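Subject: Structure handover

Hi,

Here is the structure I promised to pass on. Please load it before reading further.

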Amino acid sequence: MDRRNFFKASLGGAVASAAAVASTVAHARPNLEPAPEAIGMLYDATLCVGCKACVSKCKQVNGMPPVPMDGNTYADFALDLSAQTLNVIKVHSDGKGAVKDALADGFCFEKRSCMHCVDPGCVSVCPVQALTRHPKTGIVSYNSDVCIGCRTCMTGCPYNVPQYDYNNAFGKIHKCQMCNQKGVERIDQGMMTGCAEACPTGATLFGTRTALLEEAKRRMALKPGDIYHYPRGDIRKPDSYHEKAVPQYQPTVWGEKEAGGTNVMHLSAVPYDKLGMPPLGERSFASISEGVQSTLYSYLALPAIALGGFTWLVKRNTEDDKKGGAE
Amino acid sequence: MNHHYQALDNRPLFTPFFLTMVAIAALGVVFLSIRFVSGIGSVTNLNGGYAWGIWVVYDIVVGTALGCGGYALAVTVYLFNKGKYHPLIRPALATSLLGYGFAAFGAFVDMGRYWNAYNMFLPWQVNPHSVMLEVGLCVATYILVLVIEFSPTVLEWLRKQTGWQIQADAWRSRLDKALFFFIALGILLPTMHQSSLGSFLIAMGWKVHPLWQTLHIQPLLAVLSAFTMGFAIVIFEGSLLTTGFKRHPETHLFSGLGRIIMGLIAAFLVIRFAYLAVAGKLGALFAFDLGSLMFWIETALFAYPLVVLASPRARENGKQLLYAAVSMILAGSLYRFDAFLVTFNPGTGYSYFPALPEVIVTVSMIAAEIALFLFIVKTFPVLPREDHAAA
């Protein structure tokens, strides 16, 4: 091939890759929609008193021991999610940390557990469907029988939720499965999640995503200072109510739209980034990644065409060589 | 055909250098056995935020790119019909085979539930949208293709062993009929999985630094840089072999590769800066933080070969070519390290620096690769015959 052909071929390659990039942008799939009967939770940080009853109940339901501190196990000292902790209460504090839910010199509680994303990154990146989103409830579950332990789910989760057990030669991924995994099945039995059941203030509220989103918006529409009857337990059939003055909520519900939304949503009086929530837009990274992958690989069409072209070129060029006498 | 290549079988294999490499490799085996008994955490500093450390980022993401010599030369020789580079292809294939073989080994070691790995090959179990699936299947297939591409070399060796000549010739003639297809496959597969290594970063989203999070452009930048690293490693390795074994330099071939590298780097830099401009991220270049610092170091390493090789005199100079190749290898490796580890930030509370045993395992794998490479070139007819290369 002479120089002109070389440049022609290079130009062809450049045009083809530009076209591939352009069509990737065009083909990108939209965010997934919430599951039809999505089950979720609403965590209202302004109601949380930091008692960690939810942490304790979660350990009980999931058969996990408390995390000790200096050998003490009279309480669960888990500081973050881990292979031993699927649900944790953290505290954000500023300055003197004196006033609850105040930004300056205040403190605020924050619950971290799987958000059960509407468009879950972990499900999108898992090579073997070890992570799945339930078609009806939207619950994101894990199957250790097929998991290969590549930990791509951990890299693909915007919230660092899935936790691999590094201290076990046969470690698994651990994450909240909304108390509905095999052997627990609380949701299937008509019960609510352990953490929502244990919560004494209704800070963790159980229910359908639709009902919880309505409740969140109702609270946000209230006048700060007014008294509101906060429900406890399951939003569809609350165990009881308690009265409390309405705080000044942030203008958005975390999880309505962030990266396609989540089934576990949060309300707070302080900005969400102070609570350690990640910087997310409305578009899920899973949708962008899948858009790129499906443009390049749908029906293996592009690879097949490329292979055809390469085979033809290689065959022609190796025959040239044979005629020329060189290998 | 076989008179083009020679095994360096007149040189002793068990040199002090070779034995040192074997000893380092053996040390790695010790730490690996700890990993299989006590878990990945017993020898690494991986954690909930940093799920991937140097075992993934060096052994797989950088390691396979360093194994792209065979790919880069196959494209040049067989797609662009530049037959003059043919003498370089066997050592490049040997390096590719080792690079990819050890990447697969590294993936297996890092895999937390390796006994379930077969699920990636069950059509009803896989997730077709997964980048990890694409990389896993594609790398596995490519290793098979590399074995086939390398097998003529082994058959040439086999036919010289007493009693094997007829059989070796029969296999060789059968292989020759289908080899063109495997060569084509050997061009397609790296294009696929090398671009996918970039696509990993898309789903990592906000944890990837804005200067490295190029979303739709990720696969293109990854494959371009892998391609450039492939050429650079051919020059690097060739230069070392020339010095180490006191052979005739192959500068006349390398200078041509130098020109190709310049084109690829220029394309990479133009696309990268154009994306940053379009995405409105140029400000981050002057943030004077870790991200911007690493970015400029990378850019300087990418730009060095471009500037040096612009002079035709430098391109004819073996030393200048070697420096340019080293700069390019560092640039491409750093580009991957920066994106996946150095500037990767999963949020407060998490940090990662590799543990000593983790580093030892990776170093031991490199030592094993070097030892195996020496064994291969001293046993099989891999390197071009002196008179031929100098011609």
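Below are my notes on a sheet in chain A and a core in chain B. Keep in mind that this is a predicted model.

Chain A, the sheet. Three strands form an open sheet in the order S9-S1-S12, with mixed pairing. Strands S9 (204–208) and S12 (264–267) of chain A are at the edges. Each has a single partner strand, so one side of each has no neighbour in the sheet. From one strand to the next, the twist averages 25 degrees. Strand S1 (residues 39–44) of chain A pairs with S9(A) in the antiparallel sense, over 5 bridges. In that pairing, Tyr43(A) sits opposite Thr204(A) of S9(A). Helix H6 (residues 209–221) of chain A packs on the sheet and touches S1, S9 and S12 of chain A. The direction of H6(A) makes about 130 degrees with that of S9(A).

Chain B, the core. The largest nonpolar core has 204 residues; Ala232(B), Ile235(B) and Ile261(B) touch the most other members. Helix H7 (residues 218–244) of chain B gives this core its largest share, 14 residues. Beyond its neighbours within four places in sequence, Ala232(B) contacts Ile261(B), Ala325(B), Met328(B) and Ile329(B).

Chain B, the helix pair. H7(B) packs with helix H8 (residues 251–278) of chain B at about 155 degrees, their axes 9 Å apart. An angle over 145 degrees counts as roughly antiparallel, so H7(B) is roughly antiparallel to H8(B). Their crossing is left-handed. Among the residues that meet are Phe227(B), Phe231(B) and Ile235(B) from H7(B), and Leu257(B), Ile261(B) and Phe268(B) from H8(B).

Best wishes

Terms used:
Residues are numbered from 1 along each chain as its sequence is written. Chains are lettered from A and ligands numbered from 1 in the order in which they are written. This is a predicted model: local features need pLDDT of at least 70, side-chain atom pairs count only at pLDDT 80 or more; totals for chains, interfaces and linings use all residues. Two strands pair if DSSP finds at least two bridges between them. Helices (H or I, at least four residues) and strands (E, at least two) are DSSP runs, numbered from the N terminus. Axes are lines fitted to C-alpha atoms, for helices over the stretch in contact, and angles run from 0 to 180 degrees between N-to-C directions. Two residues are in contact if their C-beta atoms, placed from the backbone, lie within 7 Å. A nonpolar core is a set of buried Ala, Val, Leu, Ile, Met, Phe, Trp, Tyr and Cys residues joined through C-beta atoms within 7 Å. A residue is buried if 20 or more other C-beta atoms lie within 10 Å of its own, exposed if 12 or fewer, and partly exposed in between; C-beta atoms are placed from the backbone. Angles under 35 degrees count as roughly parallel, over 145 as roughly antiparallel, 65 to 115 as roughly perpendicular and the rest as oblique. A crossing is left-handed if the near helix is turned anticlockwise from the far one by less than a right angle, and right-handed if clockwise.
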